[in-house]
Amino acid sequence: MAASAAVRSAVSLTQRFVRVSPDCSICPLYRLNACTGAIDGFTAPNRRLRTSIGVCQSADSSSPEEDERVVNVVFIDRSGQRIPVEARVGDNALHLAHKHGIELEGACEASLACSTCHVYVSSKHYEKLPEPEER
Amino acid sequence: LWGSHICRVRGLSSSSGPRVCIVGGGPAGFYTAQQLLKNTAVDIYERLPVPFGLVRFGVAPDHPEVKNVINTFTQTGQHERCSFHGNVNVGKDVTIDELRQAYHAVVLSYGAEGNRSMGIPGEGLPGVFSAKDFVGWYNGLPSNKELHPDLSFETAVILGQGNVALDVARILLAPVEMLKETDITQNALEALAGSKVRRVLIVGRRGPLQIACTIKELREMVNLPNTRADMLPADFEGIAEALKDLPRPRKRLTELMMKAVKEGGDDKAEKCWGFRFFRSPVEVLAGADGKRATGIRLALNKLEGSGESARAEVTGQLEDVDCGLIISSIGYKSIPIDPAVPFDPRRAIVPNEMGRVQDTAGLYCSGWVKRGPTGVIATTMNDSFDTARVLIQDMEAGKLDLSVNKPGAQAITALLQTRGVRAVLFSQWEKINAAEEKRGKSLGKAREKLLDVDEMLKIAWS
């Protein structure tokens, strides 16, 4: 995919709002298996549990149209661990992170009201974006 | 990372595991609890029967999305290892020392319930309010329910230009249609529906480049229906030239302001609002009978230096503005909770090093009482996570003696009982919550808040 198209797709990840999952999936306690109260039961987040909710994540799409819509995203968590995930054009970046058990706070639940979740775009890519709108 | 911590920490204590309590059930308290719950049991003590602090009483009624964070806090409140105790006044019903005896660690997250005063003559006259009280009034804070602000005057002057000042201006000028389905209190809604306020001036000591509000709130003022912007072009001399060197957030904010100056808005608009820069309040003026505020005397300043650190210096010039409603929005202020806790009266915070209270092992702080009363939800969230991390580090480093068994809430509840104090549990708050939503529904609103503590308790314990 051309770099500018990739950037546009990346931008649309943050701008499109997609209702993906029930409320409890945004709770770090639930996602990290903490709400069961099982003190001895801590495990690393099991990403396989999340793929069935919401957006379809077929990894074996073969048609060119399907490939055009796929965006490969790598999340790097606080410890430096790299978590590669597959997303689609139009996906919401916050929900994508939560779907894969990545701890990312979104106080207003992706309403664009609070700034707890936000994106830094490298200046090289920022130059390619259209002017922000005051709305 | 954190996965193995709980096992290690548990091994150190005898049987019941580590116990931590948090004083204050607002955003700082809940965010700190959220992180601590991974490693320890957490009890939250809150003075009111209802949780959530400024998310409930501070965030403007027309910003309901910001309040979505309540869903996250509710998960925390319902967590098996978390226990909320509302209606408990720490410092009066129970002391900090008693909490420190019952828990391995205590976190102070009680925020800033006082306000900075202007320190000028006439500040106590009828017609003058702190923004904290005005916001508390329209948001249903029980202690502000009898505020009865007189809204029969044409001009209101707000001192301060932060987001709280803009919230107040917006609520004063917003069409009632915009507010009537929100969770604004019914008495405030009715008062605003009958309000004669048509002009709101928002006054700041320094210039446009030092304004403290953020762009979202400015945008909302610019887009207010049936209002126009009334600014003084003289206040903006030299600003256009300075734009290119500004960091992007400041640049965008300033550009939006310049646009508002230039375009002004619909001349036919019934209402207007405007910033007034380089002005400090020096006296509240009373009418001939001296009984209430009828105006405010402002001193004109000039700016020394530039950017965020620019200072306002007096010029000696004065200006009087006629107005019947004066709202001082110059900052909240923390107050000391207990003589056993160190307090810095100059900065009005609990002195601390990265959240560890000075000279007091086992005592921590997070939120506004730790850093001072500025910042949005994101700031408080990050700060609370920092304190939680530090506390957990101390647990693992052996700085807190977890080998001693601590009784936690069991001991505190028993103590409170001997003093005739009964707590409101999280599930009991949920009864209050349901009652408010039900009352709201019949009025076509998101909720109708209960204004009376006794009423809240009656429903909680029914």
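Start in chain B by selecting strand β12 (residues 293-304) together with β13(B): nine bridges join the two, and they run antiparallel. The model is a predicted one. For a single pair to label, take B:G295, whose bridge partner in β13(B) is B:D322.

Now add β11 to the selection. The three strands make an open sheet in chain B, ordered β11-β12-β13, with antiparallel pairing. Its edges are β11 (279-286) and β13 (311-322) of chain B, each of which pairs on one side only. Looking from one strand to the next, the twist averages 20°. Strands of a sheet pair through backbone hydrogen bonds, either parallel or antiparallel. The next stop shows parallel pairing.

Stay in chain B and select strand β4 (residues 105-108). Show the side chains: B:A105 and B:V107 point one way, B:V106 and B:L108 point the other way, and all are buried. Then bring in strand β1 (residues 19-23) of chain B, which is joined to β4(B) by four bridges and runs parallel to it. Across this pairing, B:C21 stands opposite B:V106 of β4(B).

Next, select strand β18 (residues 363-365) of chain B. Three bridges link β18 to β4(B), again in the parallel sense. Here B:V106 of β4(B) has B:L363 of β18(B) opposite. B:V106 is therefore a useful residue to centre on, because B:V106 is buried, with B:C21 opposite in one pairing and B:L363 opposite in the other.Move on to helix α6 (residues 131-138) of chain B and pick out B:Y138. Is B:Y138 buried or exposed? B:Y138 counts as buried because its relative accessibility is 0%. To see what surrounds B:Y138, display its contacts beyond the neighbours within four places in sequence: B:P61, B:D167, B:V168, B:I171, B:I184, B:T185 and B:A188. One of these, B:I184, is 46 residues from B:Y138 in sequence, while the two C-alpha atoms are 5.8 Å apart.

Finish with chain A, coloured by secondary structure. Chain A has five helices and two strands, which follow the order α-α-α-β-β-α-α from the N terminus. Of its 135 residues, 37% are buried. Among contacts in chain A with a separation of 6 or more, 51% are between residues 24 or more positions apart. With the surface switched on, the accessible area of chain A is about 8200 Å², and carbon and sulfur atoms contribute 52% of that.

Definitions and conventions:
Residues numbered from 1 in each chain as written. Chains lettered and ligands numbered in written order. Predicted model: local features only at pLDDT ≥ 70, side-chain atom pairs only at ≥ 80, totals over all residues. Heavy atoms only, no water. Buried < 20%, exposed > 50% of the residue type's maximum accessible area, 1.4 Å probe, protein only. Contact = heavy atoms within 4.5 Å. Areas by Shrake-Rupley, 256 points an atom, 1.4 Å probe, with all protein chains shown as cover. Pairing = 2+ DSSP bridges. Axes fitted to C-alpha atoms, helices over the stretch in contact; angles between N-to-C directions.
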